[in-house]
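Here are a few exercises to work through with the model open beside you. Try each one yourself before reading the solution.

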Amino acid sequence: MEALNANEQRELQTRMERKQIKEFMTMYSRLVQNCFDSCINDFTSKALASREENCVMRCVDKHQKAGERVNLRFQEQNVAMMQSGQVPGR
């Protein structure tokens with residue numbers, strides 16, 4: 001990134017931010033669709049049944065904990081690579 005001038009760095013940063021937002025929205029959409037498909041099956045009422053609501057809460061919690069665990073593993077691997085002298089992404 002040092003080889004880029006200021007305008008190129010800003011452009012790259014903007015593109016990276018857009019990509020991160022898009023990835024987050026895709027992940028969120030998949031979470032919603034997955035939990036909806038797994039938990040919601042009674043369309044006779046506007047309100048969620050308590051079992052559906054509990055299922056959705058468990059589903060979201062499960063996905064959140066899995067995401068946290070994946071992030072932790074990436075961080076651990078990044079630290080290990082930095083300590084061994086490897087540069088991530090190269």
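**Exercise 1.** Work out which hand the link of Cys35 and Cys59 has, and what parts of the chain this link joins.

*Solution.* Keep in mind that you're looking at a predicted model. Start with the turn about the S-S bond: for Cys35 and Cys59 it is -85°, and the link is left-handed. Next, find the two ends: Cys35 sits in helix 1 (residues 6-39), while Cys59 belongs to helix 2 (residues 50-83). They are 24 residues apart, and the pair links distant parts of the chain. Now check the distance between the sulfurs: it comes to 2.0 Å, and a disulfide needs the pair to be within 2.5 Å. Last, look at the surroundings: Cys35 and Cys59 are both buried.

**Exercise 2.** Find the partner of Cys39 and describe the bond between them.

*Solution.* Step one is the partner: Cys39 is joined by a disulfide to Cys55, with 2.1 Å from S to S. Step two is the hand: the torsion about this S-S bond is about -65°, so the disulfide is left-handed. Step three is the location: Cys39 lies in helix 1 and Cys55 in helix 2, so the bond ties together parts that are 16 residues apart in sequence. Step four is exposure: Cys39 and Cys55 are both buried. To finish, see what else touches Cys39: leaving aside neighbours within four places in sequence, its contacts are Glu52, Cys55, Val56 and Cys59.

**Exercise 3.** How many disulfides are there, and what is the pairing of the bonded cysteines in sequence order?

*Solution.* The count is two disulfides. Number the bonded cysteines of the protein in sequence order, and you get the pairing 1-4, 2-3.

**Exercise 4.** Which residues make up the largest nonpolar core, and which helix gives the most to it?

*Solution.* List the members: Leu31, Cys35, Cys39, Ile40, Cys55 and Cys59, six residues in the largest nonpolar core. Then sort them by element: helix 1 and helix 2 are the ones giving two or more residues to this core. Helix 1 gives the most, with three residues.

**Exercise 5.** Now turn to the surface: which residues form a nonpolar patch there, and is Phe24 buried or partly exposed?

*Solution.* The patch is formed by Ile21, Phe24, Met25, Met27, Tyr28 and Val32, and together they have about 630 Å² of accessible area. Pick out Phe24, which is in helix 1. Its relative accessible area is 46%. Buried would mean under 20% and exposed over 50%, so Phe24 counts as partly exposed.

Technical notes
Residues are numbered from 1 along each chain as its sequence is written. This is a predicted model: local features need pLDDT of at least 70, side-chain atom pairs count only at pLDDT 80 or more; totals for chains, interfaces and linings use all residues. Side-chain values use heavy atoms; hydrogens and water are left out. Helices (H or I, at least four residues) and strands (E, at least two) are DSSP runs, numbered from the N terminus. Buried means under 20% relative accessible area, exposed over 50%, partly exposed in between (1.4 Å probe, protein chains only). A nonpolar core is a set of buried Ala, Val, Leu, Ile, Met, Phe, Trp, Tyr and Cys residues joined through side-chain atoms within 4.5 Å. Contact means heavy atoms within 4.5 Å. Patches are made of residues with over 30% relative accessible area and no salt bridge: like charges are joined within 9 Å, nonpolar side chains (Val, Leu, Ile, Met, Phe, Trp, Tyr) within 5 Å. Accessible areas come from the Shrake-Rupley method with a 1.4 Å probe; for residues, only the protein chains shown count as cover. A salt bridge is a side-chain nitrogen of Lys or Arg within 4 Å of a carboxyl oxygen of Asp or Glu.
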